[in-house]
Amino acid sequence: MVTLLYLRRSGLDIIQNFMTLPPSINTSSAIQLWQWISEPLKYLHKYERQCGDIFRLNMLGALNGAVMISNPQTIQQVLTNDTKQFSAPGSINQILQPFLGDRGVILLDGHEHRQRRQLVMPQFHGDKVRGYTDLICSISRKAIDRWQVGETINLREQMQPISLDIILQTVFGLDRNERYDLIREGLVKVASLIESPLNASFLLIPALQKDLGAWSPWGRFLRDRSALDRLLYEEITNRRRNYQSDKTDILTLLIGAVDADGHGMNDLELHDELMTLLFAGHETTATALAWAVYWVNYLPEVKQKLLTEIATLGTERDPIVISKLPYLNAVCSETLRIYPVGMLTFPRIAQEPVSLQGYEIAAGTIVSGCIYLTHQREDLYPEPHLFKPERFLERQFSPYEYLPFGGGSRRCLGMALAQLELKLVLVEILTHCQLELTGTLPALPARRGVTLGPKGGIIAKVVSKKYDSLG
Ligand code: HEM
């Protein structure tokens, strides 16, 4: 999405290809960049209305334009070819480098990227993450226990520590000790840089990344990040020293892993992978959770149907059975359809001249699947602005019609964990407390760093605890 800034092509190419390029809007690149930062959905809709389901954004730096696609056939053409006619380079995600470093899976290219995915992916398979169900439920229950009846809470803020604890404990196997608390605190501070569109500008406009002292936003970020880095390196050293081969978390696995030449990952690589998984995993899931809790409380009929479905399980509610409930699955799918946390796939780049929907795409052009606009297609999702879980019970969507986790060679590694977490935490909240939305309604989506979250975070009052209409 944001990575549109980095491709530079010669002026000659632009003139040569201009006539056959996909349509674009006649607005200056600086204005388009600002629109994309400040009100991304408004402008995506505007461009789509004027140009159709393939168009070019002319942002600063992406001189040949970045092409947005939201036609499922075109998305399929690109994502099924993203190691052939297209590439899915990690280096184009440089914008995330200040958070993630250079050596995590998101910023790796080609062979190194494939190798790293092969190493990390098995830990995120459905079978593996199902082993985390009890921990997910107990972390959510502890968080709910801290809410007081009568208290007003910000749902987005409350979901963050839940998803963070889940990642820290399940994926990284961190023990709850003093360093755990410090790492947790450090991550929250570093993540706060991307909470508002204004702060997001620091990521999207590298020229703003100036250290003007501890009180300046970027200066504070750099200091917070160094403090967090120190803690993570200490943890890595500690875990290397006390290596326990029987532990099944990712950090243990990565410490023990060796490549074909017998080389293990160095501390820098381990650090960057940890940061990548923590950041890719906890912000996104916390936002999705906040939306899910919002929709269920905003639409009483959805809540009632969900409670009725959960009630069929009786009091012995097995989390694995919960995770397979059809209506619950439909509610979570619709949550990620209507406001997908990631608006775009990571960029793909044409490796040779390609034709997309009859337009010529020059070699070197950035192409991004627009997840948001695809999910808003009237032909796939009638009345797309309405939250209707039933759509997912009535028909099956192809992976190119419904793609909240992207696809192809960069499909989200944490998909199974995120889906499980979404369902289990939602059910814990629904069955253990009653909330009343008290903020401005309906909640509206707004940019949150590189993701899409609820504007202002969704405010709710805790009306009662141990909501027990389920018997
Ligand atoms: C609701 C939650 C989540 C959403 C909506 C989401 C969405 C996405 C999307 C759209 C992509 C880009 C895919 C593409 O370009 O084709 C992605 C990539 C990625 N996600 Fe997620 N994600 C979520 C949770 C997680 C979790 C829990 C983790 C890990 C703990 C994770 C780790 C990653 C990683 C590592 C990548 C990059 C993969 C690569 O570069 O090969 N995500 N995610």
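The exercises below, each with a worked solution, concern a predicted model.

**Exercise 1. The iron site**

Task: Identify which protein atom is the donor of the iron atom of the ligand, and place its residue in the fold.

Solution: Begin at the iron atom of the ligand, whose only protein donor is the SG atom of Cys 412, at 2.3 Å. Then turn to the secondary structure, where Cys 412 is found in the loop that runs between α19 (391-394) and α20 (415-432).

**Exercise 2. The nonpolar cores**

Task: Describe the largest nonpolar core, say which helix gives the most to it, and find what lies apart from it.

Solution: The largest nonpolar core has 119 residues, and those with the most contacts inside it are Leu 155 and Leu 435. Helix α14, residues 267-298, gives the most to this core, with 16 residues. Another core lies apart from it, with 15 residues, among them Val 67, Phe 86, Ala 350 and Leu 403. To see the surroundings of Leu 435, leave aside residues up to four places away in sequence; what Leu 435 then touches includes Trp 147, Ile 153, Leu 155 and Val 293, as well as Asn 297, Lys 303 and Ile 429.

**Exercise 3. Two helices in contact**

Task: Determine how α15 and α20 are oriented relative to each other, and which residues make the contact.

Solution: Helix α15 (residues 300-311) packs with α20 at an angle of about 95°, and their axes are 11 Å apart. Angles of 65 to 115 degrees count as roughly perpendicular, and therefore α15 is roughly perpendicular to α20. On the α15 side the contact is made by Lys 303, Leu 306, Leu 307 and Ile 310, and on the α20 side by Leu 426, Val 427, Leu 430 and Thr 431. Sorted by class, the contact of α15 with α20 has 6 nonpolar, 1 polar and 1 charged residues.

**Exercise 4. Backbone exceptions**

Task: Locate the cis peptide bond between Leu 441 and Pro 442, and then the positive phi angles of Gln 357 and Glu 383.

Solution: As background, most residues other than glycine have a negative phi, and most peptide bonds are trans. The bond that joins Leu 441 and Pro 442 is cis, with omega about -5°, and Pro 442 is found in the loop between β9 (433-437) and β10 (445-448). Gln 357, although not a glycine, has a positive phi of about 50°, and its place is in the loop between β6 (354-356) and β7 (359-361). Glu 383 likewise is not a glycine and has a positive phi of about 50°; Glu 383 lies in the loop between α18 (371-375) and α19. Gln 357 counts as partly exposed because its relative accessibility is 35%, and Glu 383 is partly exposed because its relative accessible area is 37%.

**Exercise 5. Two loop residues beside α12**

Task: For Asp 211 and Tyr 243, work out the loop, the exposure and the contacts.

Solution: Asp 211 is found in the loop between α11 (197-204) and α12, whereas the place of Tyr 243 is in the loop between α12 (217-241) and α13 (250-256). Partly exposed means between 20% and 50% relative accessible area, so Asp 211, at 41%, counts as partly exposed, and so does Tyr 243, at 38%. Leaving out residues up to four places away in sequence, Asp 211 touches Ser 216, Trp 218, Gly 219, Leu 222 and Arg 223, while Tyr 243 touches Thr 252, Ile 255 and Gly 256. Finally, the C-alpha atoms of Asp 211 and Arg 223, which are 12 residues apart along the chain, are separated by 9.6 Å.

Methods: Residues are numbered from 1 along each chain as its sequence is written. This is a predicted model: local features need pLDDT of at least 70, side-chain atom pairs count only at pLDDT 80 or more; totals for chains, interfaces and linings use all residues. Side-chain values use heavy atoms; hydrogens and water are left out. Helices (H or I, at least four residues) and strands (E, at least two) are DSSP runs, numbered from the N terminus. Buried means under 20% relative accessible area, exposed over 50%, partly exposed in between (1.4 Å probe, protein chains only). Contact means heavy atoms within 4.5 Å. Donors are N, O and S atoms within 2.8 Å of the metal (3.2 Å for Na, K and Ca); water is not among the atoms, so sites may look incomplete. A nonpolar core is a set of buried Ala, Val, Leu, Ile, Met, Phe, Trp, Tyr and Cys residues joined through side-chain atoms within 4.5 Å. Axes are lines fitted to C-alpha atoms, for helices over the stretch in contact, and angles run from 0 to 180 degrees between N-to-C directions. Angles under 35 degrees count as roughly parallel, over 145 as roughly antiparallel, 65 to 115 as roughly perpendicular and the rest as oblique. Ala, Val, Leu, Ile, Met, Phe, Trp, Tyr, Cys and Pro count as nonpolar, Asp, Glu, Lys and Arg as charged, and the others, Gly among them, as polar.
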